[in-house]
Amino acid sequence: MTTDPSINTPPQEPGDEPATTGTATDELPSAAKVTLDKKKTIIGGIVTLVILGLVFWGLSKKFGSFADAWVQIQQMTPIVIASLALVAVVNIIVYVFPDQRAIPGLKYKPAFMVRQTSWMMAALVPAGGAFAVALQYLMLASYRVAPAAATSGIAITSVWSFFMTFLLPVLGVLAVATSGELQSAWVWAGVIGLAALVVMVVIFWLILRSEASAQKVGALGQKLAAPVMRKMHKEMDLTDSVMSFRDEVVDVVKDRWMSLTVTNLAVSFMQFMILFVAVRGVSEGSNDDVTFAEIFAAFAISRLGTLIPLTPGGLGTVAGVLGAMLAAFGLNEEDILAAVVVWQVVQLLPQAITGMVTLLGWRVQEGRKQKQGQPAAA
């Protein structure tokens, strides 16, 4: 296997000479050419709003009214508000680290611009996930990241995101295993998460282990997928896809799998800390018997809701599972809706605003490059 040296070439700042001949956009993958389907976006937006409305209506019917929740939120102390602001800022800062580990040489500023903008697009725009990926390619190209390095980085961060989704429920169940309050549904969530994680890790390890084992994984996948592909009247060479994926990620993953795991866990931990501060902040000490481990378990198990592709990032679906989990652990019903609303708003709003600012900043940057006669990414 020949390693593309551009993977280990640090990206240059805009205005520097590119590391390779031609422009970085000349060889962009087809994913970078994705455009939003306006009709699907509008329909997706309506579906998202309906689902969000139903979820929070259900929470309000079960755990109290929004009026009561708003009263509790207004009563939060300045210390709580400051704590929420602090964890929100740290969450935004930490969120960039996985991209830096997945793309060697990527500096913090361009990583921040790409990560926040793509998150905003995927989280807020219905069916905007594909567009967010395309936007990442374009932005990385504008920072002189070679297409091979961009493809590798995006693939790695996607895989590790799935790893975290299945690892968290396992950690959540373990966190409360000593409390004696485990319910069968929670145990099953941990078992499902562990089984899925083990399968993913084994398959990923086989793909990285050698070209021979990667070809066997691709051939097995092709055999399993063949009946479905025939019914859909589609042709796909999974073996070729697996080998291409291996070539893209093998070197970076072998060198950085530990730091990739640690940085992704740090992102999840900061998202949990927002919830922890929200729960403690709205309850005014009335729920101190609900432990740190129990709140973490509720957060971790609820992350499985992100796998339900009804809303961007599992927005709303996660809230419904989280509310039920917090109630099972004994959180006062009148505090649950307020805590969930605060958690969703503090997790979503600052990053959404930051993503809008970074998108605007990047577009201004590209406009200046065009005026100066330099090639722009889009």
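Of the contacts in the protein chain with a separation of 6 or more, 76% are between residues 24 or more positions apart, and I should say at once that this is a predicted model. The secondary structure behind those contacts comes to 13 helices and zero strands, so that is what you will see as you follow the chain on the screen. As for burial, 48% of the 378 residues in the protein chain are buried.

Let me turn to one helix pair, α7, which covers residues 147–176, and α10, which covers residues 238–283. Their axes lie 9 Å apart and the helices pack at an angle of about 45°, which makes α7 oblique to α10, and the crossing of the two is right-handed. On the α7 side the contact includes I156, V159, W160 and L167, while the α10 residues that α7 meets include F245, E248, W257 and N264. If we sort the residues of this contact by character, they divide into 15 nonpolar, five polar and one charged.

Now to the charged side chains: how many salt bridges does the structure hold? The count is one salt bridge, and the partners are R115 and D99, whose side chains meet at 3.3 Å, taken from N to O. This pair links distant parts of the chain, since R115 sits in helix α5, residues 108–124, and D99 in helix α4, residues 97–102, with the two positions 16 residues apart in numbering. Are these two partners buried or exposed? Both R115 and D99 are buried.

Definitions and conventions
Residues numbered from 1 in each chain as written. Predicted model: local features only at pLDDT ≥ 70, side-chain atom pairs only at ≥ 80, totals over all residues. Heavy atoms only, no water. Axes fitted to C-alpha atoms, helices over the stretch in contact; angles between N-to-C directions. Helix = DSSP H or I, 4+ residues; strand = E, 2+ residues; numbered from the N terminus. Parallel < 35°, antiparallel > 145°, perpendicular 65-115°, else oblique. Left-handed = near helix turned anticlockwise from the far one by under 90°. Contact = heavy atoms within 4.5 Å. Nonpolar A, V, L, I, M, F, W, Y, C, P; charged D, E, K, R; others polar. Salt bridge = Lys/Arg side-chain N within 4 Å of Asp/Glu carboxyl O. Buried < 20%, exposed > 50% of the residue type's maximum accessible area, 1.4 Å probe, protein only.
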